[in-house]
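Student: Please take a close look at the metal sites in this model, and then at what surrounds them in the fold. I would like one connected account.

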Amino acid sequence: KAAAVDFRPPGGVQGLVTPRTMTSIAPSKGLSNEPGQNSCFLNSALQVLWHLDIFRRSFRQLTTHKCMEDSCIFCALKSIFAQFQFSSERVLPSDALRSALAKTFQDEQRFQLGIMDDAAECFENLLMRIHFHISAESREDICTAKHCIPHQKFAMTLFEQCVCNSCGATSDPLPFIQMVHYISTTSLCNQAVRMLECREKPTPDMFGELLRNASNMGDLRNCPSNCGEVLRIRRVLMNSPEIVSIGLVWDSDHSDLAEDVIHSLGTCLRLGDLFYRVTEERARQAELYLVGMVCYYGKHYSTFFFQTKIRKWMYFDDAHVKEVRHSSACGSTRKMRRMASAASSLHL
Ligand SMILES: [Zn+2]
Ligand SMILES: [Zn+2]
Ligand SMILES: [Zn+2]
């Protein structure tokens with residue numbers, strides 16, 4: 001919960017970084033959200049895309065695309081990225097992207113102007129639209145285009161299958177692609193309690209296993225040959241995504257689990273722990289570090305992100321940008337400091 005974290009105002013960091021670094025970074029910018037616009041979900045997704053070094057750098061390389069003129073999400077994203085980089089304004093309007101998004105999803109009645117929507121689904125859809133603009137010839141479930149950032153860097157290519165230990169029957173493997181790995185917060189917390197019952201204290205490698213157990217919980221199927229056995233589904237990862245997004249789903253509007261969820265979050269994730277099996281050696285070895293988090297609190301989205309160039313956690317709440325301060329002794333700040341020190345070993 002953002003409210004529990006300590007901040008100091010932007011501009012207080014100059015003395016801590018070298019002049020060379022200062023000249024090479026564009027300071028973080030806020031995104032405006034006028035009353036009635038309800039753009040915080042889009043602003044959060046946008047801050048994530050801009051601050052992900054892998055995305056920002058790869059997107060910069062892209063030049064040609066299938067243009068959709070005034071509903072072109074690719075053009076709107078190019079334009080706001082140019083403003084992030086070169087504008088002298090501290091707060092930018094995200095209106096052009098908001099309007100392109102609304103026009104693109106008019107038929108589905110999603111992401112319409114003035115209406116609040118879901119940040120994770122917005123993030124997913126922005127990625128899928130980028131795929132459409134740059135590799136429309138490939139189907140989105142089998143895209144292998146080398147320049148397609150969404151599929152090359154973000155997509156998890158999976159199949160799920162049931163295998164019966166009792167009679168040996170197996171179900172047909174079901175292949176699919178996901179941009180966000182969704183997990184129920186209730187399962188996450190229940191599973192965390194169960195896992196802690198059988199160990200002394202939490203260990204760093206627990207987080208991946210916790211996510212795997214939580215996403216398997218309650219997901220039981222009957223044996224494919226109906227021998228009477230009830231089976232857990234097995235998910236196998238077949239590629240090696242560079243960025244993994246986890247979506248925590250709040251099962252009710254009035255969940256009191258926020259504190260428990262925060263305590264069960266880890267800052268390091270081994271891809272090998274997240275799925276039943278991981279086929280690529282590179283993915284099996286991969287250790288990913290937390291670099292960003294979008295929070296939903298009080299019907300409002302805001303974002304924490306680790307800025308690799310200044311090695312600091314920043315907080316983005318629409319137009320407001322603050323550095324997350326590390327000096328206070330309060331619990332949430334300690335947690336953020338742990339996150340920051342974990343993320344600072346990242347080399348993107
Ligand atoms: Zn365009
Ligand atoms: Zn693609
Ligand atoms: Zn069976």
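Tutor: A residue counts as buried under 20% relative accessible area, as exposed over 50%, and as partly exposed in between. By that scale His65, at 25% relative accessibility, is partly exposed. The model is a predicted one, and the values below are computed from it.

His65 belongs to the site of the zinc ion (ligand 1), where the protein donors are His65 (NE2), Cys67 (SG), Cys72 (SG) and Cys75 (SG), 2.1 to 2.4 Å from the ion. Cys67 is likewise partly exposed, because its relative accessibility is 36%. Along the chain these donors follow the pattern H-x1-C-x4-C-x2-C. The angles subtended by the four donor atoms run from 101 to 116°, and the arrangement is therefore tetrahedral. For reference, the ideal angle for four tetrahedral donors is 109.5 degrees.

The zinc ion (ligand 2) has two histidine and two cysteine donors: His131 (ND1), Cys143 (SG), Cys148 (SG) and His151 (ND1), at 2.1 to 2.3 Å. This site is tetrahedral too, with angles of 98 to 119° among the four donor atoms. The donor residues are spaced H-x11-C-x4-C-x2-H in sequence. Within this set, His131 sits in helix H6 and Cys148 in the loop between H6 and H7; the pair is 17 residues apart and links distant parts of the chain. Both His131 and Cys148 are buried.

At the zinc ion (ligand 3) the donors are four cysteine sulfurs, namely Cys164 (SG), Cys167 (SG), Cys223 (SG) and Cys227 (SG), at 2.3 Å. The donor spacing reads C-x2-C-x55-C-x3-C. Cys167 lies in the loop between strand E4 (156-161) and E5, while Cys223 lies in the loop between strand E7 (220-222) and strand E8 (230-232), so this pair ties together parts that are 56 residues apart in sequence. Angles of 104 to 117° among the four donor atoms make the arrangement tetrahedral. The two cysteines of that pair differ in burial: Cys167 is partly exposed, with a relative accessible area of 39%, whereas Cys223 is buried, at 2%.

Strands E4 and E5, whose connecting loop holds Cys167, also take part in an open sheet of four strands with the order E5-E4-E9-E12 and mixed pairing. Strand E5 (174-178) and strand E12 (277-278) stand at the edges with a single partner strand each, so one side of each has no neighbour in the sheet. E12 pairs with strand E9 (residues 234-237) in the parallel sense, over two bridges. One bridge joins Val236 to its partner in E12, Arg277.

The helices come next, starting with helix H3 (residues 53-61), where the buried residues are Asp53, Ile54, Phe55, Arg56, Ser58 and Phe59. Their cover includes H2, H4, H6 and helix H7 (149-154). H6 is the helix in which the zinc donor His131 is found.

H2 and H6 also appear around helix H5. In H5, Leu97, Arg98, Ala100, Leu101, Ala102 and Thr104 are buried, and what covers them includes H2, helix H4 (73-86) and helix H6 (119-135). A pair of packed helices is described by the angle between their axes and the distance between the axes. For helix H2 (residues 40-51) and helix H5 (residues 95-104), the axes come within 11 Å and cross at roughly 110°. The two helices are therefore roughly perpendicular to each other. Phe41, Leu42 and Leu46 of H2 make the contact with Leu97, Arg98 and Leu101 of H5.

Asn43 is also a residue of H2. With a relative accessibility of 2%, Asn43 counts as buried. Leaving aside residues up to four places away in sequence, Asn43 touches Leu31, Ser32, Asn33, Ser94 and Asp318.

A last point concerns Glu259, which is found in helix H10 (residues 258-264). Glu259 counts as partly exposed because its relative accessibility is 48%. Its C-alpha atom is separated by 10.0 Å from that of Cys189, and the two residues are 70 residues apart along the chain.

Technical notes
Residues numbered from 1 in each chain as written. Chains lettered and ligands numbered in written order. Predicted model: local features only at pLDDT ≥ 70, side-chain atom pairs only at ≥ 80, totals over all residues. Heavy atoms only, no water. Pairing = 2+ DSSP bridges. Donors = N, O, S within 2.8 Å, 3.2 Å for Na, K, Ca; no water. Tetrahedral: all angles 85-135°; square planar, octahedral: opposite > 155°, others 65-115°. Buried < 20%, exposed > 50% of the residue type's maximum accessible area, 1.4 Å probe, protein only. Axes fitted to C-alpha atoms, helices over the stretch in contact; angles between N-to-C directions. Parallel < 35°, antiparallel > 145°, perpendicular 65-115°, else oblique. Contact = heavy atoms within 4.5 Å.
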